[in-house]
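This briefing looks at how one protein chain is put together and at what surrounds its ligand. Please keep the sequence and the structure in view while reading the points below.

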Amino acid sequence: MGTTTRLVCRKMTIDDAEAVAALDLKSFGEIDSWSAEYFFYAAQNERAEFLIVEDNGKIVACAGADIFTDAAEIVSFAVDPDRRNQGIGTKLLETLIETVKKRGASVLILEVRPSNKVAIKLYEKFGFEIVDREENYYWDEDAWIMAKEIF
Ligand SMILES: CC(C)(COP(=O)(O)OP(=O)(O)OC[C@H]1O[C@@H](n2cnc3c(N)ncnc32)[C@H](O)[C@@H]1OP(=O)(O)O)[C@@H](O)C(=O)NCCC(=O)NCCS
């Protein structure tokens, strides 16, 4: 009998911090990833929304945004390398957008490496546009700032 895949999207809790940090490390490498402490505090931050996707209890994706008065900023977004290109990132981003919209945000912004063609393609599919460039945002590359109105 085959294994049944059951994807569940839910709010990140402090108990997820270690597993989410491991996923982040796998996705971004040592220099660019967030620590378990970061996710531990993010899970308790009322001005943030962090969501995870689980497959039969294993965390396969995480996305998070900081919420400001009328804007939100995506600060974390990763899908397990073994589970990419299966639509998980699309569903998670859809859910994160709905979640921050309910929190009152009318604009969603994010930073992305210009070399990250896959992520840029995904954001453009959602209607994000490049609105600015921030020099030396990453240790080895500038960032593109992308934005999307979500009201
Ligand atoms: C960016 C990321 C979150 C996308 O997650 P995902 O689950 O693979 O995304 P999906 O399967 O929903 O695919 C979404 C879109 O991404 C693009 N895409 C995904 N995988 C791709 C690939 N291997 N090659 C080209 N485009 C690809 C496609 O446009 C796709 O949409 P389409 O299927 O309608 O054409 C994932 O690649 C990832 O974790 N990357 C490393 C971390 C990262 O770069 N995060 C973003 C930082 S700003």
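Which residues does Leu96 touch, not counting residues up to four places away in sequence? In this predicted model, Leu96 touches Glu49, Leu51, Ala63 and Ala65 when residues up to four places away in sequence are left out. Two of the names that arise here, Leu96 and Ala63, return in the description of the core, and Leu51 returns in the pairing of the strands.

**Nonpolar core**

- The largest nonpolar core holds 34 residues, and those that touch the most other members are Ala61, Cys62, Ala63 and Leu96.
- Two or more residues of this core come from each of the helices H1 (17–32), H2 (36–42) and H3, and likewise from each of the strands S2 (48–55), S3 (58–67), S4, S5 (107–112) and S7 (143–149).

**Strand pairing**

- S1 and S2 form an antiparallel pair with 5 bridges, in which Lys11 stands opposite Leu51 of S2.
- Strand S1, which covers residues 7–11, is hardly covered by the rest of the model, in that the count of buried residues among its 5 residues is 0.
- S2 also runs antiparallel to S3, to which it is joined by 8 bridges, and one of the pairings sets Asp55 against its bridge partner Lys58 in S3.
- The hairpin of S2 and S3 has 2 residues between the strands, and Asn56 in that hairpin takes a positive phi near 50°.
- S3 continues the antiparallel pattern with S4 over 7 bridges, and Ala63 stands opposite Phe77 in S4.
- A hairpin with 3 residues makes the connection from S3 to S4.

**Shell around the ligand**

- There are 18 residues around the ligand, of which Arg84, Asn85, Gly89, Thr90 and Leu122 come nearest.
- At least two residues of this shell are supplied by each of three elements, namely strand S4 (71–79), helix H3 (88–102) and helix H4 (117–125).
- The element that gives the most to the shell is H4, with 5 residues.
- By residue class, the shell around the ligand consists of 8 nonpolar, 7 polar and 3 charged residues.

**Elements that serve in two places**

- Strand S4 and helix H3 each supply at least two residues to the shell around the ligand, and S4 and H3 are also among the elements that give two or more residues to the largest nonpolar core.
- Ala63 is one of the core residues that touch the most other members, is touched by Leu96 and stands opposite Phe77 in S4.

Methods
Residues numbered from 1 in each chain as written. Predicted model: local features only at pLDDT ≥ 70, side-chain atom pairs only at ≥ 80, totals over all residues. Near = placed C-beta within 6 Å. Helix = DSSP H or I, 4+ residues; strand = E, 2+ residues; numbered from the N terminus. Nonpolar A, V, L, I, M, F, W, Y, C, P; charged D, E, K, R; others polar. Core = buried A, V, L, I, M, F, W, Y, C linked by C-beta atoms within 7 Å. Buried ≥ 20, exposed ≤ 12 C-beta atoms within 10 Å, placed from the backbone. Contact = placed C-beta atoms within 7 Å. Pairing = 2+ DSSP bridges.
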